[in-house]
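Morning, everyone. I'll take you through two topics today: charged pairs, then helix packing. Here is the structure.

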Amino acid sequence: MAPSSPPRAAASEPAPAPAEAPSLPPARGRALPVLAAAIGALAVATLGGGVHQAVTHRSDRPDAAGRSGPPTAGPTGPVTDVTADAGVAPLRRVVPPDVLAVSSGRSVTAAQIARIRKIKKVRDVIAVDGGAVQLQGRSINTFAVDPSTFRSWTPPGTAKRTELWTALAGGRFVVSADAAEQLRLARGQRYPVVGRTMPNLTMGGSGALGIPGIDMLVGRRAGRDIGLIPHVAVLVNAPGTDPVKLAAAVRKALGQTGNVVNLHENRYRAPSDGGRPGSYLDLYKQAATTCPGLSWTVLAAIGQVESDHNRNPGRSSAGALGPMQFMPATWKAYGVDGDGDGRADIMNPYDAVPSAARYLCANGAGRGGRQLYRAVWHYNHADWYVQKVLALARAYAARYS
């Protein structure tokens, strides 16, 4: 709930558990959630045929224990093992993607791809299959790719790691470093990947994938078996062109039927490019350092209660907005430009989390004890809310100690 906004109903469960935070979107505002939702919505249409619905974002608020997220019930489809040829072509060059386009309801057609190729200065175009699957009970956006060609489109450090692409070619899956940490995946272990079917796939490794909102790669055969949507996304490389104009041209070529992302915007840069946190855990920790004495676990607890770590950042019944659910009037007084892009955006987690730290600090949170209690109470004027947040903070401390 936003600072100074009306309290919600009291919690009914006394012992909340900390939720796993998703990878921090390398974006500000709503751009990346829209992108991820587009992939998830397509996956629902493809994967939900009486077996399992893969949902990227839920519209409901967290329950009384602060938990939310996709359903975890298992599917009824067949269990299969997925294998493929283990060969992978050597890396010959790196192709930095300039634009990512994701279809909003169907496969990108050959005619649309041909129109993209004709855009001035476009040198390379690659289409990939994709959608949302369930891994470890969580919905995760996934691309199905040819490892020999797709490796060139990833960050240089990842592209050079032949063992990742060999693993992918051999029927294993690869995830982002954040996904590996947050889902507690172990290389060499087998996990059920839930889609139209539920193959048990082996985790082949992790690394920086470099594509906003995408945290998992599988081979094309695995993608077909799971039920990912063919050619749901396109990456475009056009050296020397204005990326803003390129994004507009790609959008026109697609006929306004999807989301087009200019990957040169600061919001989409990898943490190594801009020094910004790559996960919510890191963001909470970084923001807490701006208020000496404030534990990051308090920010994490508030982030879970308010939006389930940005899974539900929309306007509340009281008018609060964003990952930390600020009231607009409170935001005007305490909102900060956390990522240095020249604006304080209530929907941007890189701005919202440090703004929450600032608000808490102004109310004495850094002094701990009773002052911390009062600071959290100022965030939402209800004792049950304070008790819930502090209980979650203790749970985070125990989990990550």
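**Salt bridges and a helix pair**

This model is predicted, and it holds two salt bridges. Some background for the newer people. Side chains of opposite charge can pair when their charged atoms come close.

Take one pair. Arginine 161 and glutamate 163 join their side chains in a salt bridge, at 2.9 Å from N to O. Are these partners buried or exposed? Arginine 161 is partly exposed, at 30% relative accessible area. Glutamate 163 is also partly exposed, at 37%.

Now the other pair. Here the side chains of arginine 343 and aspartate 345 meet, at 3.8 Å from N to O. That counts as a salt bridge because the cut-off is within 4 Å. Look at the accessibility of each partner. Aspartate 345 has a relative accessible area of 8%, so it is buried, the limit being under 20%. Arginine 343 is partly exposed, at 41%.

On to the helices. Two packed helices are described by the angle between their axes and the distance between the axes. Our pair is H10, residues 280–288, and H13, residues 349–362. Their axes lie 9 Å apart, at an angle of about 40°. So H10 is oblique to H13. The crossing of H10 past H13 is right-handed.

Which residues make the contact? From H10, we have Tyr280, Leu283, Tyr284 and Ala287. From H13, we have Pro349, Tyr350, Val353, Pro354 and Ala357. And what kinds of residue are they? In this contact of H10 with H13, nine are nonpolar, none polar and none charged.

Key:
Residues are numbered from 1 along each chain as its sequence is written. This is a predicted model: local features need pLDDT of at least 70, side-chain atom pairs count only at pLDDT 80 or more; totals for chains, interfaces and linings use all residues. Side-chain values use heavy atoms; hydrogens and water are left out. Buried means under 20% relative accessible area, exposed over 50%, partly exposed in between (1.4 Å probe, protein chains only). Axes are lines fitted to C-alpha atoms, for helices over the stretch in contact, and angles run from 0 to 180 degrees between N-to-C directions. Helices (H or I, at least four residues) and strands (E, at least two) are DSSP runs, numbered from the N terminus. Angles under 35 degrees count as roughly parallel, over 145 as roughly antiparallel, 65 to 115 as roughly perpendicular and the rest as oblique. A crossing is left-handed if the near helix is turned anticlockwise from the far one by less than a right angle, and right-handed if clockwise. Contact means heavy atoms within 4.5 Å. Ala, Val, Leu, Ile, Met, Phe, Trp, Tyr, Cys and Pro count as nonpolar, Asp, Glu, Lys and Arg as charged, and the others, Gly among them, as polar.
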